[in-house]
Amino acid sequence: MMKKFGLLAAAPSAAFAGDSLSDMLSGKSAMKGKKLQKAIEKADAHPLGSEQNPVRVEMPPGQIAYLRSLRCSDGKPPRFDRVGNFGIGIFGSIVDGYDVRCEGSEPAQTMVYMDMYHAGHIESRPVPGFTIGTD
């Protein structure tokens with residue numbers, strides 16, 4: 001017996017409604033101005049790279065550039081793999097998680113959460129346990 005699969009449609013969340021969808025597709029945060037600033041202040045009460053304070057970057061190239069800038073305690077760059085998305089975060093857009101590993105040094109393994117919908121933002125602070133280096 002062959003099963004038929006249909007496409008399920010759901011109402012968009014507030015983060016994806018109206019102009020926000022086009023903003024997110026262009027790399028812009030769903031939040032702007034004072035609302036975004038308040039969310040940043042609230043997030044900064046948590047460690048950078050946590051689910052409550054994801055690293056803000058611009059699109060996948062920004063995620064990769066940030067992760068490549070991290071250095072383990074031995075000064076070497078970590079290995080990393082995208083785990084997936086973790087839903088809507090504190091800034092009103094989708095948060096991705098990356099498994100980040102330092103082989104033979106600290107931290108051995110950690111999850112770094114990132115929000116790629118912040119056009120023009122380049123994070124210069126490292127997540128806890130890492131430093132920022134240059135190639």
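Which residue of β4 does Arg82 stand opposite? The partner is Tyr98, and this pair is a handy way into the fold described below.

The model is predicted, so local features are given only at pLDDT of at least 70 and side-chain atom pairs only at pLDDT 80 or more, while totals for chains, interfaces and linings use all residues. Residues are numbered from 1 along each chain as its sequence is written, and side-chain values use heavy atoms, with hydrogens and water left out.

The protein chain holds three helices and six strands. Helices (H or I, at least four residues) and strands (E, at least two) are DSSP runs, numbered from the N terminus. Following the sequence, these elements come in the pattern α-α-β-α-β-β-β-β-β. Of the 135 residues, 41% are buried; the word stands for under 20% relative accessible area, with exposed meaning over 50% and partly exposed the range in between (1.4 Å probe, protein chains only). The accessible surface amounts to about 8300 Å², and carbon and sulfur atoms account for 57% of this surface. Such areas come from the Shrake-Rupley method with a 1.4 Å probe, and for residues only the protein chains shown count as cover. Among contacts (heavy atoms within 4.5 Å) between residues at least 6 apart in sequence, 56% link residues at least 24 apart.

An open sheet of four strands can be traced in the order β1-β5-β4-β3, with mixed pairing. Two strands count as paired if DSSP finds at least two bridges between them. At the edges are β1 and β3 (79-88), each of which pairs on one side only. The pairing of β3 with β4 is antiparallel and spans seven bridges. Besides Arg82 and Tyr98, Ile88 has Ile94 of β4 as its bridge partner. Five residues lie between the strands in the hairpin of β3 and β4, where Gly92 has a positive phi near 80 degrees. On to the next pair: β4 and β5 run antiparallel and are joined by seven bridges. In β5, Gln109 is the bridge partner of Arg101, and Met114 is that of Asp96. By contrast, β1 and β5 pair in the parallel sense, over two bridges; here Arg56 has Asp115 of β5 as its bridge partner.

How many of the eight residues of β4 are buried? Eight of the eight are, so this strand is largely enclosed by the rest of the structure. In a regular strand the side chains alternate between the two faces of the sheet. Both faces of β4 are covered, with Ile94, Asp96, Tyr98 and Val100 buried on one side and Val95, Gly97, Asp99 and Arg101 buried on the other.

The interior can also be viewed through its nonpolar cores. A nonpolar core is a set of buried Ala, Val, Leu, Ile, Met, Phe, Trp, Tyr and Cys residues joined through side-chain atoms within 4.5 Å. The largest has 17 residues, and those with the most contacts inside it are Val55, Tyr66, Met114, Val127 and Phe130. At least two residues of this core come from each of α3 (59-69), β4 (94-101) and β5 (109-115). The strand β4 gives the most, with three residues. Leaving aside neighbours within four places in sequence, Val55 is in contact with nine residues' worth of surroundings that include Leu48, Tyr66, Val112, Met114 and Val127. Apart from this core lies another, of six residues, among them Leu36, Ala39, Ile40 and Phe91.Some individual residues also deserve a closer look. Asn53 is found in the loop between α2 (33-43) and β1 (55-56). With a relative accessibility of 3%, Asn53 counts as buried. Beyond its neighbours within four places in sequence, Asn53 is in contact with Ala43, Asp44, His46, Pro47, Leu48 and Phe91.

Most residues other than glycine have a negative phi, and most peptide bonds are trans. Met59, in helix α3, has a positive phi near 60 degrees. This residue is partly exposed, its relative accessible area being 21%. Glu106 and Pro107 are joined by a cis peptide bond, with omega about -15 degrees. Pro107 sits in the loop between β4 and β5.
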